[in-house]
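Hi everyone, thanks for making time this morning. I'd like to walk you through one model and point out a few places to look at on your screens.

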Amino acid sequence: EFAGAAKKHGVLLTVKTNAELAASLPKKTDFDAVIFWDKDIYLAEELEKSGLKVFNSSKSIELCDNKIKTSLALEGKVVMPETIVAPKTFENVGYTDLSFFASAAEELGFPMVIKEAYGSFGRQVYLANDYTDGVEIIKRIGYKEFLMQKLVSSSRGKDLRICVVGGEVVATMLRQNDKDFRSNITGGGTATRYEPTVEQKQAAITACEELGLDFGGVDILFGNDGTPIVCEVNSNLHFRSVYECTGVDLSDLIIKHAIRRVKQLK
């Protein structure tokens, strides 16, 4: 997608894998900027230290990739589900004392959403229907970092994916799944084009601004009273599903945004 958009706008685009870049880092004189379509935070930081402008920045990718860091960065900036972060543990130790979970259960109630800090496509997001469920989920998670959230029942199996490029909402999908509490398309959900409200747009834009994103996909839940609730933020957008649903070519918009940013920085 990027190759076609770059050609359309007269941009010379060189595509490299992270393995190729790690073996031979480009110089600032080689390229004007890097559109970084990966979660290799260390490589993104290396590219920045070499003097290259990276979209999205390594810091923004890091904040989005870790759901705990996302929650902490957005706390008080947008409305999010009530969240409690699990205490840190270590490999070969795990969670031997679950008193923290008992306290979280009293605060959040059931059903409760449990999310590993790292994960994609909803695969590391679980629903605990009761205390026993939660204990079993935590045992499976092992020593990995996770957070616990109050289920937004008014948005069960339904959310918005709002795509933001350069501080503007460019496309929105309503995602629904009647068979799962998660709405992910890869998990069997369906998507339809949707016109977000002013409040929903602003929540998505604010989330991207606070995380320093040049472009991002913000997942918005429907609160009981209509309040938009920011669930998660993605630093990488999935072109195909957005294009098939809305007809919006995100690669074209991102290339145009990168060109504008490069000109501003010169």
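I'll go through a sheet and its helices, then a covered helix and a hairpin, and finish with some backbone details and a surface patch.

Before anything else, please keep in mind that this is a predicted model.

Let's start with the sheet. It is an open one made of four strands, ordered β3-β6-β4-β5, and the pairing is antiparallel. Which strands stand at the edges? Those are β3, residues 83-85, and β5, residues 125-128. Each of the two has a single partner strand, so one side of each is left without a neighbour in the sheet. On average, and ignoring direction, neighbouring strands here are turned by 25° against each other.

Now zoom in on one edge. Strand β3 pairs with β6, residues 146-150, over three bridges in the antiparallel sense. If you want a landmark, find I84, which stands opposite M148 in β6.

Two helices go with this sheet. Helix α5, residues 67-74, lies across β3, β4 and β6, and runs at about 55° to β6. Helix α6, residues 99-108, packs on the sheet as well, touching β3, β4 and β6, and its direction makes about 25° with that of β6.

Next, let's move to helix α4, residues 58-65. Is this helix mostly covered or mostly open? Mostly covered: six of its eight residues are buried. The buried ones are S58, S60, I61, L63, C64 and D65. So who does the covering? The elements over those buried residues include α3 (41-49), α5, which you've just met, α8 (198-211) and β11 (228-234).

That last strand deserves its own stop. Six of the seven residues of β11 are buried, so the strand is largely enclosed by the rest of the structure. Its antiparallel partner is β10, residues 215-222, and six bridges join the two. Within that pair, D219 stands opposite E232 in β11. Together β10 and β11 form a hairpin with five residues between them, and in the turn you'll find G226 with a positive phi of about 90°.

For those of you who like to check backbone geometry, here are a few torsions. Where are the cis peptide bonds I'd like you to see? One runs from F55 to N56, with omega near -10°. N56 sits in the loop between β2 (53-55) and α4, the covered helix from a moment ago. Another cis bond joins F110 and P111, with omega about 0°, and P111 is in the loop between α6 and β4.

Then there are positive phi values outside glycine. N92 has phi near 70° and is found in the loop between β3 and α6. With a relative accessible area of 79%, N92 is exposed. F121 is another non-glycine case, with a positive phi of about 60°. This residue lies in the loop between β4 and β5, and at 35% relative accessibility F121 counts as partly exposed.

Last stop, the surface. V11, L13 and V15 form a nonpolar patch there, and together they offer about 240 Å² of accessible area. L13 is in the loop between α1 (2-8) and α2 (18-23). Its relative accessible area is 33%, so L13 is partly exposed.

That's my tour, and I'm happy to take questions.

How values were computed:
Residues numbered from 1 in each chain as written. Predicted model: local features only at pLDDT ≥ 70, side-chain atom pairs only at ≥ 80, totals over all residues. Heavy atoms only, no water. Patch = residues over 30% accessible without salt bridge, like charges linked within 9 Å, V, L, I, M, F, W, Y side chains within 5 Å. Areas by Shrake-Rupley, 256 points an atom, 1.4 Å probe, with all protein chains shown as cover. Salt bridge = Lys/Arg side-chain N within 4 Å of Asp/Glu carboxyl O. Buried < 20%, exposed > 50% of the residue type's maximum accessible area, 1.4 Å probe, protein only. Pairing = 2+ DSSP bridges. Axes fitted to C-alpha atoms, helices over the stretch in contact; angles between N-to-C directions. Contact = heavy atoms within 4.5 Å.
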